[in-house]
Amino acid sequence: MNIELTINGNIAAMKIDGILNSENAHILQEKLAGVLNSGATTLELDLLDCRNISSTGIGKILLFYKDYITKGGEIEVVRSSNSVYELFSMLKLNQLFTVNLG
Amino acid sequence: MSLSTKVLVVDDSIAIVNSLVAILGISGFEVDTAFNASDALRKIHNNAYDVVVCDIEMPGLTGLEFLSKVRIEFGRELDVILMTGYLEHDYFIEAIRLGASDFIRKPIDTKLMIRSIRELVQRKRSRSDLADFYTNLDRAEFSFVMSPQHFSKYALSKIFSTYLRQSFKVAPKAMNELLVCVDEMVYNAFIHGTLKLTTNERAMDHNHLKTLIEDKLKEPDISSKRIKLNFSVDNSSRCIEISVEDEGEGFDYKYWLAQAKREPIAEIEGHGRGIAMLYHLCECLEFSEAGRKVKVRKHLGPDSHNEAV
């Protein structure tokens, strides 16, 4: 699993590759803490090359989401793989933020 | 088992890709193409290739970066031949370090390339005796007992995926889903069943959580517990059964299973997400032993090599 994060003004762009699971979810947690402490008001998640996410990874995203929207931030999944799109739809996370496929 | 050889050609030059598709196709290989390394990575996650032939100098991810990602995800299992117009010493050393299977200098000597692909496939097939053995069994069963002290040392899903890939033909989508299932099952057995961590403890930052886990593992009643992982593969039905059992207190699995079967609602701090995922990713999800044991059954997906015939 690999995470690339770039913060440019109000926009934080995060690209996650591979499988996000309990073994590496803490890396995501650290990166998300960096976004929370930055001035970025929008997090654009690119999950096109993310092959799947375990519930631990989902938990980290949602904990961040809760803190981020409290600060006025927004999340958008700008691209996602079929597996991740299906997972987010199944868990109804697309009701919390925009999730785009492909 | 099919003897057809699937080759993925990766180059940003349309002319080189087209010419390799024609030459390798005439030589009897089944050829697929990608025009950049990111596209190639997506393709190898969704298809079973025997060999990847990749240019080193490409815009975006380079051939060396691509090779590095392949080695992280697949180990040494997938052969990658690198093509390059020049072979500087440092490049060469780095490619060897990353595990390139062979090099082909540009302009390409096609006879050399075909020979290299054939040799790599031959070598791979002689390595795959173990896979043939497992594939030809009616049923294979494996059982592991783990001490919680050693649990954190290993990336268990990586070990599991390497083993499954080397021993059985698992479709890429099914493999991704299986890895998530194993992660859910074993992590729950460790975090809930063995360590009894609370929601607040699990939400701690990594370093504090690591310290807390290390302290808990020193407690005799926790360190004496064991986690059992069993899996069996039935080749006639192409199904895998995985069970994980901990020595904790169990939980009200009937309630959570009923919740998982209902239409999920969007919740930020909801519980039972892992069970809902297992329920949706597998054909069968069962709990027993008061919730200490969880078992899933899942189809391994189409055998892509045989389907290609």
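Begin by selecting Gly72(A), a residue with a positive phi, near 90°, that comes after helix α2(A). The model on display is predicted.

**The helix α2(A)**

Next, select α2(A) itself, residues 55-70 of chain A. Its 16 residues, taken at 1.5 Å each, should span 22 Å, and the C-alpha atoms at its two ends are 23 Å apart, so the expected and actual lengths agree. Within this helix, colour the buried positions: Ser55(A), Thr56(A), Gly57(A), Ile58(A), Gly59(A), Lys60(A) and Ile61(A), together with Phe64(A) and Tyr68(A).

**Where chain A touches chain B**

Now display both chains and select the residues in contact between them: 26 belong to chain A and 27 to chain B. On the side of chain A, the elements that give two or more residues are β2 (11-20), α1 (25-36), β4 (50-53), α2 (55-70) and α3 (82-90). The helix already visited, α2(A), gives the most, with seven residues. If the chain A side is coloured by class, nine residues appear as nonpolar, 11 as polar and six as charged.

**Confidence along chain A**

Keep chain A selected and colour it by pLDDT. Its mean value is 93, and 100% of its residues reach 70 or more. Among the elements of this chain, strand β3 (residues 42-47) has the highest mean, 97. The lowest mean, 91, belongs to β4(A), which is also one of the elements on the side that touches chain B.

**The two domains of chain B**

Turn to chain B and select its two parts in succession: domain 1 covers 6-127, and domain 2 covers 134-307. Their centres, taken over C-alpha atoms, are separated by 35 Å. The contact between them takes six residues from domain 1 of chain B and six residues from domain 2 of chain B. On the domain 1 side of this contact, one residue is nonpolar, four are polar and one is charged.

**Thr199(B)**

For the last stop, select Thr199(B), which is placed in helix α10 (residues 199-202) of chain B. Is Thr199(B) buried or exposed? Thr199(B) has 9 C-beta neighbours inside 10 Å and therefore counts as exposed, since the limit for an exposed residue is 12 or fewer. Finally, add Ile16(B) to the selection and draw a line between the two C-alpha atoms. The distance from Thr199(B) to Ile16(B) is 55 Å, and the two residues are 183 residues apart along the chain.

How values were computed: Residues numbered from 1 in each chain as written. Chains lettered and ligands numbered in written order. Predicted model: local features only at pLDDT ≥ 70, side-chain atom pairs only at ≥ 80, totals over all residues. Domains from an automatic or database assignment. Contact = placed C-beta atoms within 7 Å. Nonpolar A, V, L, I, M, F, W, Y, C, P; charged D, E, K, R; others polar. Helix = DSSP H or I, 4+ residues; strand = E, 2+ residues; numbered from the N terminus. Expected span 1.5 Å × (residues − 1). Buried ≥ 20, exposed ≤ 12 C-beta atoms within 10 Å, placed from the backbone. pLDDT = per-residue confidence, 0-100.
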